[in-house]
Amino acid sequence: MLQALTPLNPDRREHSRHSVDMACTIFWKGLYEYATIENISLYGAQLAGFDFPPVGTAISIQVNQLEICATIIWCGENRCGVLLDHGLDPGAFIQDHGVRPIATVSADPAVVTDILIEQYA
């Protein structure tokens with residue numbers, strides 16, 4: 001007797017993802033990179049940035065004063081996926097740390113008024 005095939009779910013995740021746009025800094029082996037958390041779930045997150053470490057690298061993600069330990073599990077063009085070391089309630093995380101545009105995090109632009117060329121020549 002044949003069983004009916006269940007359609008495959010292209011999104012194999014057990015836990016739903018929450019879309020965010022949250023500035024963060026990732027640290028690994030004495031290096032750091034500014035990034036953006038694009039989405040987060042109970043055990044993972046997708047980050048956007050420019051220079052991520054290779055797959056398998058243990059990292060620390062800092063958001064405000066919170067530090068989250070994770071491991072890079074995939075890398076793509078200007079994005080990577082991480083597996084969080086410990087479960088994190090995405091709803092509480094978003095509520096506690098607020099979702100805000102990146103522009104509010106950066107400092108006001110600086111204006112260069114004087115350059116000491118002889119000091120650096």
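Reader: Which residue takes a positive phi in the hairpin of β5 and β6?

Author: The model is predicted. In its hairpin of β5 and β6, two residues lie between the strands. The residue with a positive phi, near 60°, is Asn78.

Reader: How many bridges join β5 to β6, and how many join β3 to β6?

Author: Strand β6 runs antiparallel to β5 and also antiparallel to β3. In the pairing with β5, Thr71 stands opposite Leu83 of β6. In the pairing with β3, Ala48 stands opposite Arg79 of β6. The bridges number six for β5 with β6 and five for β3 with β6.

Reader: Is Leu83 buried, partly exposed or exposed?

Author: Leu83 lies in strand β6. Buried would need under 20% relative accessible area and exposed over 50%. Because its relative accessibility is 43%, Leu83 counts as partly exposed.

Reader: What accessible area does the nonpolar surface patch with Leu83 have?

Author: Leu83 forms this patch on the surface with Tyr43, Ile73 and Trp74. Together the four residues have an accessible area of about 380 Å².

Reader: Which element gives the largest share of the largest nonpolar core?

Author: The largest nonpolar core has 22 residues, and Ile37, Leu47, Ile59, Ile61 and Val82 have the most contacts inside it. Elements giving two or more residues to this core are β1, β2, β3, β4, β5 and β6. The largest share, five residues, comes from β1.

Reader: Which residues does Leu47 touch, leaving out those up to four places away in sequence?

Author: Leu47 is among the residues with the most contacts inside the largest core. Its contacts include Asn78, the residue with the positive phi. The full list is Cys24, Ile26, Thr36, Ile37, Phe52, Ile59, Ile61, Asn78, Arg79, Cys80 and Val82.

Notes:
Residues numbered from 1 in each chain as written. Predicted model: local features only at pLDDT ≥ 70, side-chain atom pairs only at ≥ 80, totals over all residues. Heavy atoms only, no water. Core = buried A, V, L, I, M, F, W, Y, C linked by side-chain atoms within 4.5 Å. Buried < 20%, exposed > 50% of the residue type's maximum accessible area, 1.4 Å probe, protein only. Helix = DSSP H or I, 4+ residues; strand = E, 2+ residues; numbered from the N terminus. Contact = heavy atoms within 4.5 Å. Pairing = 2+ DSSP bridges. Patch = residues over 30% accessible without salt bridge, like charges linked within 9 Å, V, L, I, M, F, W, Y side chains within 5 Å. Areas by Shrake-Rupley, 256 points an atom, 1.4 Å probe, with all protein chains shown as cover. Salt bridge = Lys/Arg side-chain N within 4 Å of Asp/Glu carboxyl O.
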